[in-house]
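Biologist: Hi! Could you walk me through this model before I set anything up with it?

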Amino acid sequence: MAAAANTAAGRFSRRDALKLGARAGLAALPFLNGVPRVIAQAAQVSPPSSPARPNPNFPAVPSWETELRELAPGVYAYIQAGGPGRDNVSVSNAGVVVGDDGVMVIDTLTAPIHAKNFIAAIRNVTDKPFRHVINTHHHSDHVNGNQYFGPAEVVGHTYCREEVLKMIPGPATWPKRDGWADGTEPRRIVAPSTTFDEKMTFHYGSTVVDLIFMGPAHTYGDIVVHLPQHRLLFAGDIAFYYVAPFAQNAHVTKWLSAVDRITAMDVQTIVPGHGPIGGKAELTDMAGYFVLLKREARKRYDAKMSPGRAAADISMGKYENWIGPERIVMDTVRLYAEFDGTLVPSMDVEGTRKATEEYNALKQPGR
Ligand SMILES: [Zn+2]
């Protein structure tokens, strides 16, 4: 398996994989960064339909800017710019907690330049050393920057560590890409070295930081970072605001249960994995995407419609204006597996490829 993976890695650079993924309408699939077998298969997918245009019958999605925003004393959200007409590929968010003698970072972004910009923003507010990196889940747009925070201890769920370890084969340097990497940075995937299964608590000065397992949801290893004194939650990719949620490794129904658990918590501010800072109202809004999609997908599943055709057939209303509406394809494939009882933690690459081809063909202009 390792030999096959290395061969595939030699044929497809990460940049190539992302380009191929972009052509396939799978541009922001984080798994493309690190799993050569999947890259090779994703390369088989045909070109997509033209980009979706906003539906004027529904609210336009706002844009948001890159910022390090202080949400409580010594606690910051790092939001990366996004919104309509921008390159939203793998644009994820992160967090910072400054303690008495060190800094905790919550997720480390996609590639060297994202991580370096994040560190530069942190250095505007503190010069204390990095002590802990928390990975909310294993997707590469949350863990790829881990290497820049050494010797901080990297902490994540047991499942997260197992999945990051699988990502390790790949190029020795980060492939050059504007805004991502200059082509010279050594590539080193750093998995969590400290793991837990249910809950872990840190005391950063007087700030209590609870890490709470909230999966399966977006993945089978999601954790959230709760700061109870500040009624603040870093939700990782359990929360997508104004960005269509990915479900390629998800259990959608349990994800909705996780949303219910968060809604029942004493939380006021939620930092999503993707999109601007919000709260419970935005989280409920995102859950509405899955409630609608699950209901509509179920009807088509029962009518024996293929998932690609179902994804092309379903009207998502206001969610069609969210960033990345084509993610409905992988999300529908995932729901079909849930309906079938065949769901497993890893992505159904072949099923998604077939569904994407069918969806793209049906969505061609003029049809
Ligand atoms: Zn994710």
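Modeller: Sure, let's go through the sheet, the cores, the aromatic rings and the charged pairs. Keep in mind that this is a predicted model.

Biologist: Good to know. How many strands form the open sheet, and in what order?
Modeller: There are 7 strands, in the order β1-β2-β3-β4-β5-β6-β7, and the pairing is mixed. At the edges are β1 (67-72) and β7 (194-196), each of which pairs on one side only. Neighbouring strands are turned by 20 degrees against each other on average, if you ignore direction.

Biologist: Do you have some detail on one pairing? How many bridges join β2 to β3?
Modeller: Strand β2 (residues 75-79) is joined to β3 by 4 bridges, and the two run antiparallel. In that region Ala-77 stands opposite Gly-95 in β3.

Biologist: And which strands does helix α4 lie across?
Modeller: Helix α4 (residues 112-123) lies across β1, β2, β3, β4 and β5, and runs at about 30 degrees to β3. Helix α6 (residues 158-166) also packs on the sheet, where it touches β6 (153-157) and β7. The direction of α6 makes about 110 degrees with that of β6.

Biologist: Switching to the inside. How many residues has the largest nonpolar core?
Modeller: That core has 72 residues. Those with the most contacts inside it are Ile-134, Leu-211, Phe-234, Trp-255, Ile-262, Ile-270 and Ile-328. Helix α8 gives the largest share, 8 residues.

Biologist: What is Ile-134 in contact with, leaving aside its neighbours within four places in sequence?
Modeller: With Met-104, Val-105, Ile-106, Asp-107, Val-155, Phe-202, Leu-211, Ile-223 and Val-225. There is also a second, separate core of 18 residues, which includes Tyr-76, Leu-109, Ile-119 and Phe-130.

Biologist: Now the rings. How many aromatic pairs are in the whole structure?
Modeller: A search finds 14 of them. One of them is Phe-118 with Phe-149, a tilted pair at 6.0 Å centre to centre with 55 degrees between the planes. Phe-118 lies in helix α4 and Phe-149 in the loop between α5 (140-143) and β6, so this pair ties together parts that are 31 residues apart in sequence.

Biologist: Are those two rings buried or exposed?
Modeller: Both Phe-118 and Phe-149 are buried.

Biologist: Trp-255 came up in the core list. How far apart are the ring centres of Phe-240 and Trp-255?
Modeller: Their centres are 6.2 Å apart and their planes stand at 55 degrees, so this pair is tilted. Phe-240 sits in strand β11 (residues 232-240) and Trp-255 in helix α7 (residues 252-263), 15 residues apart, and the pair links these distant parts of the chain. Phe-240 and Trp-255 are both buried. They also belong to one aromatic cluster, together with Tyr-242, Phe-246, Tyr-289, Phe-290, Tyr-319 and Trp-322.

Biologist: Nice. Last topic, charges: how many salt bridges does the count come to?
Modeller: It comes to 16 salt bridges. Take Arg-131 and Asp-101, whose side chains meet at 2.8 Å, N to O. Arg-131 lies in strand β5 (residues 130-134) and Asp-101 in the loop between β3 (94-98) and β4 (103-106), so the pair ties together parts that are 30 residues apart in sequence. Arg-131 is partly exposed, at 34% relative accessibility.

Biologist: What about the helices? How many residues apart are Asp-302 and Arg-298 in α8?
Modeller: They are 4 residues apart in helix α8 (residues 280-302), so about one helical turn separates them. Their side chains form a salt bridge at 3.1 Å, N to O. Asp-302 is partly exposed, with a relative accessible area of 46%, and Arg-298 is partly exposed at 34%.

Biologist: And where does the salt bridge between Arg-353 and Glu-350 lie?
Modeller: In helix α11 (residues 349-362), with Arg-353 and Glu-350 placed 3 residues apart, again about one helical turn. The N to O distance is 2.6 Å. Arg-353 counts as buried because its relative accessibility is 16%, under the 20% cut-off. Glu-350 is partly exposed, with a relative accessible area of 40%.

Biologist: Which residues do shared partners join into one network?
Modeller: Arg-295, Glu-296, Lys-299, Arg-300 and Asp-313 are joined that way, through salt bridges that share partners.

Key. Residues numbered from 1 in each chain as written. Predicted model: local features only at pLDDT ≥ 70, side-chain atom pairs only at ≥ 80, totals over all residues. Heavy atoms only, no water. Salt bridge = Lys/Arg side-chain N within 4 Å of Asp/Glu carboxyl O. Buried < 20%, exposed > 50% of the residue type's maximum accessible area, 1.4 Å probe, protein only. Core = buried A, V, L, I, M, F, W, Y, C linked by side-chain atoms within 4.5 Å. Contact = heavy atoms within 4.5 Å. Pairing = 2+ DSSP bridges. Axes fitted to C-alpha atoms, helices over the stretch in contact; angles between N-to-C directions. Phe/Tyr/Trp six-rings, centres within 6.5 Å; stacked < 30°, edge-to-face > 60°.
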